[in-house]
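This report describes one protein model, part by part. Please keep the sequence and the structure in view while reading.

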Amino acid sequence: SRLPKTVYVKVELAHVIESVKLIRKALVAEDRDVPLIGFSAAPWTLMYYMVGGSSKKNQEVGEKWLNEHPVESQELLDRLTATVIEYMSAQVEAGAHML
């Protein structure tokens, strides 16, 4: 598998986490009372992009891969789920108010 078993979000996406911190700091400094909203695509959407290039345009590609590779699909979704949880948690730790 070309996909690593573990993605170290705080290392590999450090630039995003640092951006959330900087935005939050700027909001506080400017006394702006607005929520900072974090985001991540869902594991299912990410899987479709990984195997088909898009979740809507090439839906049949994603569904074909899912049907032809059920074990690998589950493994990929499990890895993506763990990564998304870590990624969204890091955004909250960095200052996002909601996701």
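## Serine 73 and its contacts

Leaving aside residues up to four places away in sequence, serine 73 touches Met47, Trp65 and Leu66. Serine 73 belongs to helix 5. Its relative accessibility is 1%, and serine 73 is therefore counted as buried, the limit for that class being under 20%. These statements, like those that follow, refer to a predicted model.

Glutamate 72 is also placed in helix 5. With a relative accessibility of 41%, glutamate 72 counts as partly exposed. Between glutamate 72 and valine 84 there are 18 Å from C-alpha to C-alpha, for a separation of 12 residues in sequence.

## Overall architecture

The protein contains 5 helices and 0 strands. Read from the N terminus, the order of elements is α-α-α-α-α. Along the principal axes, the C-alpha atoms occupy a box of roughly 55 × 25 × 15 Å. The radius of gyration of the protein is 16 Å, whereas a compact globule of 99 residues would have a value near 13 Å.

Of the 99 residues, 27% count as buried. Among contacts with a separation of 6 or more, 70% are made by residues 24 or more positions apart.

## Salt bridges

How many salt bridges does the structure hold? The structure holds 4 salt bridges. Side chains of opposite charge can pair when their charged atoms come close. One of the salt bridges joins lysine 10 to glutamate 93, with 2.8 Å between the closest N and O atoms. Lysine 10 is part of helix 1 (residues 9-12) and glutamate 93 is part of helix 5 (residues 70-94), so this salt bridge ties together parts that lie 83 residues apart in sequence. Glutamate 93 has a relative accessibility of 58% and counts as exposed, because the class begins over 50%.

Within helix 5, glutamate 75 and arginine 79 are 4 residues apart, about one turn of the helix. Glutamate 75 forms a salt bridge with arginine 79, and the closest N and O atoms are 2.2 Å apart. The two partners fall into separate accessibility classes: glutamate 75 is partly exposed at 32% relative accessible area, while arginine 79 is buried at 12%. Both residues also take part, with Lys5, in a network of salt bridges.

## The loop between helix 2 and helix 3

Aspartate 31 is located in the loop between helix 2 (14-29) and helix 3. Its phi angle is near 50°, a positive value in a residue other than glycine. Aspartate 31 counts as exposed, with a relative accessibility of 70%. A further salt bridge is formed by the side chains of glutamate 30 and arginine 32, at 3.8 Å from N to O. Arginine 32 counts as partly exposed, at 48% relative accessibility.

Alanine 41 is found in the loop between helix 2 and helix 3 as well. Not counting residues up to four places away in sequence, alanine 41 touches Leu46 and Val84. Alanine 41 and histidine 69 are separated by 28 residues in sequence and by 22 Å in space, C-alpha to C-alpha.

## The second largest pocket

The second largest pocket holds about 240 Å³ of space. Its lining consists of 17 residues, of which Val7, Arg79, Leu80, Thr83 and Val84 are the closest to the centre of the pocket. Two of these names have appeared above: Arg79 belongs to the salt-bridge network with Lys5 and Glu75, and Val84 is touched by alanine 41.

Which helix gives the most to the lining of this pocket? Helix 5 does, with 7 residues. Helix 3 (43-52) and helix 5 each supply at least two residues of the lining. By class, the lining comprises 11 nonpolar, 3 polar and 3 charged residues.

Conventions
Residues are numbered from 1 along each chain as its sequence is written. This is a predicted model: local features need pLDDT of at least 70, side-chain atom pairs count only at pLDDT 80 or more; totals for chains, interfaces and linings use all residues. Side-chain values use heavy atoms; hydrogens and water are left out. Buried means under 20% relative accessible area, exposed over 50%, partly exposed in between (1.4 Å probe, protein chains only). On a 1 Å grid over the protein atoms alone, a cavity is a set of points where a 1.4 Å probe fits but cannot get out, and a pocket is an open set with protein on both sides within 12 Å along at least five of seven lines; lining residues have an atom within 4 Å of a point. Grid points are joined across faces, edges and corners, and a volume is the space filled by probe spheres set on the points. Ala, Val, Leu, Ile, Met, Phe, Trp, Tyr, Cys and Pro count as nonpolar, Asp, Glu, Lys and Arg as charged, and the others, Gly among them, as polar. The radius of gyration is taken over C-alpha atoms; the globule rule is 2.2 Å times the number of residues to the power 0.38. Contact means heavy atoms within 4.5 Å.
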